[in-house]
Amino acid sequence: MRPNDEWNRAAALCAGQLPLVWLAWWLALEAGGDDYGYPGGAYLGICCVPVVLPLLGLVHATLQITPAAALAGLRPGALPGPEWAWHLGVSVLIGAGWSVLGRLLWGWPLGDTLPWFAGAGVLPVLVLDRLRGRPWRGRRVWLGSAVASFVLFVGCGIPAAALTDTYEPPRLSAGQLTGDWHGAHGSLLRLNPDGRAELTRLPARRGADEEGDFSVCDGTGTWTLERENEFMDTDRDGVLLRPNGECGGETYWTVGGTEQDPELFVVLGDPDSGDLRILTRD
């Protein structure tokens, strides 16, 4: 088989497995978690599948699968083992190398990226070995990969989503909410037991006379625990914060997270594509 045929098959298989990789990632990290007021938002990316997947498949094949095949072919003839096993081992090593590079350049945690980068090269290598010697070329291998990927994604994804959609936000008392809540960019919200609040670089909904999607406030205010949310179409508990002075208007921080690791969050600006801000405990 010509090298270009091998690369074409690898690209098609890499593209075909990406929806399954995304589904596995979602099940492992996101399923059953808080959607922060964006129900179904995780599925919007599927609309981009016909455009994005072929390109990502080509990139993946070029950076991992095809180089692994070339390196595996350079092994001395005296070394035992089938060709597919060497291809698989080198592919896993290359994936691990990309994970280490991500750690060095961007600080990505190895524990999170290593299984995905290394594991993404397993299925294409194994299927490539099964296709060797068969006259699958050009559009046929792309079509077969797309059909198999769609069937597996729908067949596994719909039941998995139904079974894992079980998130329940915590029910916290006023006493459990008191204390310091920290967010990005140095944000701090201190909720005192007497109903007073202290704000440091805290985002808040803009007041009637303010411009922009939201304000960033320093100062004081008051807070109350609310069992109904007037700003979002949910019945989730939250903290209604009322800043003093002219900075910011009333802002409802919704309770999220878990009993052990609670969060407060708000979506500022456009409700459908606003700026999500999250506060957590130390």
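This briefing covers the fold, a buried acid, the disulfide, the salt bridges and a nonpolar surface patch. The model is predicted. The protein chain has seven helices and eight strands. Of its 282 residues, 34% are buried.

**Overall fold**

- Among contacts with a separation of 6 or more, 56% join residues 24 or more positions apart.
- The chain exposes about 16,100 Å². Carbon and sulfur atoms supply 61% of that area.

**A buried acid without a salt bridge**

- Glu263 sits in strand 7, which spans residues 262-268.
- Glu263 is buried but has no salt bridge.
- The nearest side chain of opposite charge belongs to Arg236, 7.2 Å away. A salt bridge needs nitrogen and oxygen within 4 Å, so this pair does not qualify.
- Leaving out residues up to four places away in sequence, Glu263 touches Tyr36, Trp181, Thr254, Val255, Gly256, Gly257, Ile278, Leu279 and Thr280.

**Cysteines**

- The whole structure holds one disulfide. Cys217 and Cys247 form this bond, with an S to S distance of 2.2 Å.
- The bond links distant parts of the chain, 30 residues apart. Cys217 is in strand 4 (residues 214-226). Cys247 is in the loop between strand 5 (238-243) and strand 6 (251-257).
- The S-S torsion of Cys217 and Cys247 is about -95°, so the disulfide is left-handed.
- Cys217 has 1% relative accessibility and is therefore buried. Cys247 has a relative accessible area of 22% and is partly exposed, because buried means under 20%.
- Cys14 is buried, at 0% relative accessibility.

**Salt bridges**

- A search of the whole structure finds seven salt bridges.
- Arg171 and Asp237 form one of them, at 3.0 Å from N to O. Arg171 lies in the loop between helix 6 (139-164) and helix 7 (174-177), and Asp237 in the loop between strand 4 and strand 5, so the bridge ties together parts 66 residues apart in sequence.
- Arg171 is exposed, with a relative accessible area of 55%. Asp237 is buried, at 4%.
- Glu198 pairs with Arg190, and their closest N and O atoms are 3.6 Å apart. Glu198 is partly exposed at 28% relative accessibility. Arg190 is also partly exposed, at 30%.
- Arg277 meets Asp275 in a salt bridge of 3.3 Å, N to O. Arg277 counts as buried, with a relative accessible area of 17%. Asp275 is partly exposed at 29%.
- Salt bridges with shared partners join Arg171, Arg227 and Asp237 into one network.

**Nonpolar surface patch**

- A nonpolar patch on the surface is formed by Leu55, Val59, Leu63, Trp98, Val100, Leu101, Leu104, Leu105, Trp106, Trp108, Leu110 and Leu114. Together these residues have about 1,100 Å² of accessible area.
- Helix 2 (49-72), helix 3 (83-106) and helix 4 (110-119) are the elements that give two or more residues to the patch.
- Helix 3 supplies the largest share, six residues.
- Leu110 belongs to helix 4. Its relative accessibility is 35%, so Leu110 counts as partly exposed. Patch residues need over 30% relative accessible area, and Leu110 at 35% therefore passes that cut-off.

Methods: Residues are numbered from 1 along each chain as its sequence is written. This is a predicted model: local features need pLDDT of at least 70, side-chain atom pairs count only at pLDDT 80 or more; totals for chains, interfaces and linings use all residues. Side-chain values use heavy atoms; hydrogens and water are left out. Helices (H or I, at least four residues) and strands (E, at least two) are DSSP runs, numbered from the N terminus. Buried means under 20% relative accessible area, exposed over 50%, partly exposed in between (1.4 Å probe, protein chains only). Contact means heavy atoms within 4.5 Å. Accessible areas come from the Shrake-Rupley method with a 1.4 Å probe; for residues, only the protein chains shown count as cover. Lys and Arg count as positive and Asp and Glu as negative; His and the chain ends are not counted. A disulfide is a pair of cysteine sulfur atoms within 2.5 Å. Patches are made of residues with over 30% relative accessible area and no salt bridge: like charges are joined within 9 Å, nonpolar side chains (Val, Leu, Ile, Met, Phe, Trp, Tyr) within 5 Å.
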